[in-house]
Amino acid sequence: MSLELRGITKRFGPLTANDAIDLTVGDGEIHAILGENGAGKSTLMNVVYGLLQPDEGSISVDGKEIKIESPLDALAAGIGMVHQHFMLIPVFTVAENIVLGHEKTKRLGILDLESARKEILRVSAEYNFEIDPDALVENLPVGLQQRVEIIRALIYDAKVLILDEPTAVLTPQETDELLRNMKKLKAKGTSIVFITHKLREVKEAADKITIIRRGKVVGTASPSASQEELASLMVGRPVSLDVDKNPAKLGGVTLAVSNLTISDHTGRSLVKNVSFEVRAGEILAVAGVQGNGQSELAESIVGLQEHVTGKIELEGKDITKASVRDALHAGIAFVPESREEDGLISSFSIEENLILDLHDLPPYAKGPVISQSVVSTQAEKLVKEFDIRAQSAKDSASSLSGGNKQKVVLARELSRPVKLVVASQPTRGLDVGSIEFVHERIITERDAGRAVLLFSTELDEVSSLADRIAVMYRGEFIAIVPADTSREELGLLMAGVKR
Amino acid sequence: MKLKKLLLPALSFGMALFASGMLVAFSDSKVLALKGQPLEMLQKAFATAGGAYWALFRGSIFDPQLAQDRFIEGFYPFSETLVAATPLILTGLSVALAFKAGLFNIGAQGQFIAGAIGASWVGFSFELPVVIHTLAAMAAAIIFSGFYGGLVGLLKARTGAHEVIVTIMLNYVAAYFLLWLLSTTAFLRPGRQDPLAPEVRESAQLPHLFGEDLRANLGFFIALAAAGAIWWLLNRSTWGFRFRAVGANSAASKTAGISVARVTTSVMFIAGALAGLGGAMQILGSEPAMTAGIGGSFGFDAITVALLARANPIGTVFAALLFGALRAGGLTMQASTETPLDLVLVIQALVVLFIAAPALIKAIFRLKNVETGEAVASKGWNG
């Protein structure tokens, strides 16, 4: 089945998210849509799936123009979608999730799960998906949950399958598995629209590539194009994907963590008996699939976790029980995982966000009074130094793009005297330009003799920045390995397989 | 820019007056009696609504009849408006400040009573020189109610107990504690059976502004000063910065090293003190003998006032004046036009309804690009 979009335009107020987009997905083709965060990929797919209505343009399936006003219309037309965040109910079984919204009943209104169960087993066997229809979804690993979503689309007869950033939550092994499955689906005649911003995956799986930038199609490419070419098309200027860095000049031990255990309020341990050191002038990157205790470990170092045992020392000083303020002022810069929730106050101005931590100290405050002129001058300086693109430092932080928000956080955290930088997923959701900036800045801090503890789920980021890599799995450091460890080996470690 | 911001509240007020006018007119039996003659009916309706609003004006701003003997007497209604607005400004500030810090203070009522008790006690049981006595009574009110509010903050900071529940319950505690207190020998006026405390001494009472006949007193200016102080606190001081930061995003504030627990406790202390100062103004200014009903509905109307003002301290003054005027004028309206006082409450409710739903006003008037401002109570239950 082929899918054709013509002149799709979608506006949100003054913003044109999709600007006259043309796209043709051929029969049995894997068509990658490549673009940065905010380029309009998801908007486009939500239009196709009937979640949004386009302002202009038309959609045709097999040459026949159709109207898609809801996901039900899309399903009826043979279009299925697997969302970035799965639409599954964790406490339901696979079969229950799959019949959801299409429940068939036997006599007396009894739910007929048997036919669904059979269908699931059939599709699962056909593609070798190994899905048990009676398993509870919450007990399945993320990769399998994704397969449940795919099975659901297939059972409802999807001929075109839209995958929205499907690899964001997967381990490298699971990613490879998914890419293989996509090829299997293609071989059986299913067309796939594959939305991503990861160049490696595009090159590996796609037959055709359409690149979207700022809501417009800026070009098409074949998978034989180099990663640099694709990246430049995506960003709109030449990009260097390599991080330049000199060998580490190691200093003394800055951060020493020993036997650290963190539990949640129910007493379940999230981080188990972790010990490591970070020395001045090196980057220790903590790799791992999301949700293996990285967030808690990062937060515990600045005192944001409550149930912590063990010891955290900064240059020999015990900061295990220090308040957040004391930890920050002892010389830790903290870039939290969620900019929007923990990094910034979006209704505050950029200026105010830049002094969240220092607002009551001179020179920003004289006694109990905030000295507005000092705040403004300092903000101007930081805006320039960190290249924060805003009309004015008095604008609210919510008006900034993701990259500029992160620059505000970095600017604030690095404006104190710093010995240790703890950065949690510092480039998540950022555009390529901002990623470059953040990477350079992290290297600069390292070269200036600071210790850096970097948490990242992006293997490419880990490999290019780290001096040593720690892999975290189910709350433990499963291994600490050199920076040149192969992708495959890291992938196995992330899945909990020890050598 | 400034004018644009006022457009929405003005339209809301206009809409509320219009809707209430309709209600006044078409609930009047004389208007309804003219059912058969649409033209006459409309005329009568206009006359009725107009008459009611004229009475409202006479009751709240200026009464030409009273002004005939002595011009200043004509402002008696305005003086009543100020008297009614004074405690509302302070309780309104209490709720508004808490809003700014992300807390929903339903407890202004109880804090108001705590303050009234403090002011009354110091007012009638001590003998002190003039200015000092007033200040001592105010200080007692601030301390009593400050701790009464601060307790809520402390409980929230320490145990996570939600301030909405705690303040609602403490309102009951305050009201019944007052009732009990007024039955004790310490507070019951000698020779009385009904709950009535002795009058506070002259030395503690606030001086009247326009002569003895008009009740308007210095309390109004104290309330204005408090509004100015809270504005300064919120917008210029390091404390206010923290208050606003925690109110806007407590997670980010915590991550930046601000102690949310300390902010919660101190905000509730100050909020309590403001409401309690309101109670003191009532006792020292216009109602020197404390009764069981001293709290009236000042603490609850305060929520509406703060919402109307979008938690802005200066806006709170104007919102409280509006409510004071409606309260003072409502009585005259009832007396001279047979419009029930309840309709004044309906007007109040409609004003707030239209203000709280800016989208509604925008839709009615097809406004575009008018700042609606942040919805102040959008945080709701789990804020």
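A residue counts as buried if 20 or more other C-beta atoms lie within 10 Å of its own C-beta atom. That cut-off is used in the exercises below, which concern a predicted model.

**Exercise 1. Determine how strand 20 of chain A is covered on its two faces, and which strands it pairs with.**

Step one is to look at the strand as a whole: strand 20 of chain A spans residues 451-455, and five of its five residues are buried. Step two is to separate the faces, with Ala451(A), Leu453(A) and Phe455(A) on one side and Val452(A) and Leu454(A) on the other, and both faces turn out to be covered. Step three is to find the neighbours. Strand 13 of chain A (residues 283-287) runs parallel to strand 20 of chain A and is joined to it by four bridges, in which Ile283(A) has Val452(A) as its bridge partner. Strand 19 of chain A (residues 420-424) is also parallel to strand 20 of chain A, here with five bridges, and Val422(A) stands opposite Leu453(A). The last step is to follow the chain from strand 19 through helix 15 (residues 432-447) to strand 20 of chain A, which together make a right-handed β-α-β unit.

**Exercise 2. Carry out the analysis for strand 8 of chain A, giving its burial, its partner strands and the unit it belongs to.**

Begin with burial: strand 8 of chain A covers residues 191-196, and six of its six residues are buried. Ser191(A), Val193(A) and Ile195(A) point one way from the strand, while Ile192(A), Phe194(A) and Thr196(A) point the other way. Next come the partners. Strand 3 of chain A (residues 30-34) runs parallel to strand 8 of chain A through five bridges, and Val193(A) is the bridge partner of His31(A). Strand 7 of chain A (residues 160-164) likewise pairs with strand 8 of chain A in the parallel sense over five bridges, and here Asp164(A) has Ile195(A) as its bridge partner. Finally, strand 7, helix 6 (residues 172-187) and strand 8 of chain A make a right-handed β-α-β unit.

**Exercise 3. Find which strands stand at the edges of the open sheet 12-11-14-15 of chain A, and describe the pairing at strand 15.**

The sheet is formed by four strands in the order just given, and their pairing is antiparallel. Strand 12 (269-279) and strand 15 (317-318) of chain A each have a single partner strand, so they stand at the edges, and one side of each is left without a neighbour in the sheet. The pairing at strand 15 of chain A is with strand 14 of chain A (residues 307-314), the two being antiparallel and joined by two bridges, and Glu313(A) stands opposite Asp318(A).

**Exercise 4. Describe how helix 3 and helix 14 of chain B cross, and where they touch.**

The axes of helix 3 (residues 38-60) and helix 14 (residues 313-337) of chain B come within 7 Å and cross at roughly 125°. Angles from 65 to 115 degrees count as roughly perpendicular and those over 145 as roughly antiparallel, and therefore helix 3 of chain B is oblique to helix 14 of chain B. The crossing of these two helices of chain B is right-handed. The residues in contact include Gly51(B), Ala52(B) and Ala55(B) from helix 3 of chain B, and among those from helix 14 of chain B are Ala325(B), Ala328(B) and Gly329(B).

**Exercise 5. Locate Asp62(A) and Asn259(A), and decide whether each is buried, partly exposed or exposed.**

Asp62(A) is found in the loop between strand 4 (56-61) and strand 5 (64-66) of chain A, and it has a positive phi of about 50° although it is not a glycine. With 13 other C-beta atoms within 10 Å, Asp62(A) is partly exposed. Asn259(A) lies in strand 11 of chain A (residues 253-263), where its phi is positive at about 45°, although Asn259(A) is not a glycine. Since 12 or fewer neighbouring C-beta atoms make a residue exposed, Asn259(A), with 11 other C-beta atoms within 10 Å, is exposed.

Methods: Residues are numbered from 1 along each chain as its sequence is written. Chains are lettered from A and ligands numbered from 1 in the order in which they are written. This is a predicted model: local features need pLDDT of at least 70, side-chain atom pairs count only at pLDDT 80 or more; totals for chains, interfaces and linings use all residues. Two strands pair if DSSP finds at least two bridges between them. A crossover is right-handed if, with the strands pointing away from the viewer, the path from the first strand over the helix to the second runs clockwise. Axes are lines fitted to C-alpha atoms, for helices over the stretch in contact, and angles run from 0 to 180 degrees between N-to-C directions. Angles under 35 degrees count as roughly parallel, over 145 as roughly antiparallel, 65 to 115 as roughly perpendicular and the rest as oblique. A crossing is left-handed if the near helix is turned anticlockwise from the far one by less than a right angle, and right-handed if clockwise. Two residues are in contact if their C-beta atoms, placed from the backbone, lie within 7 Å.
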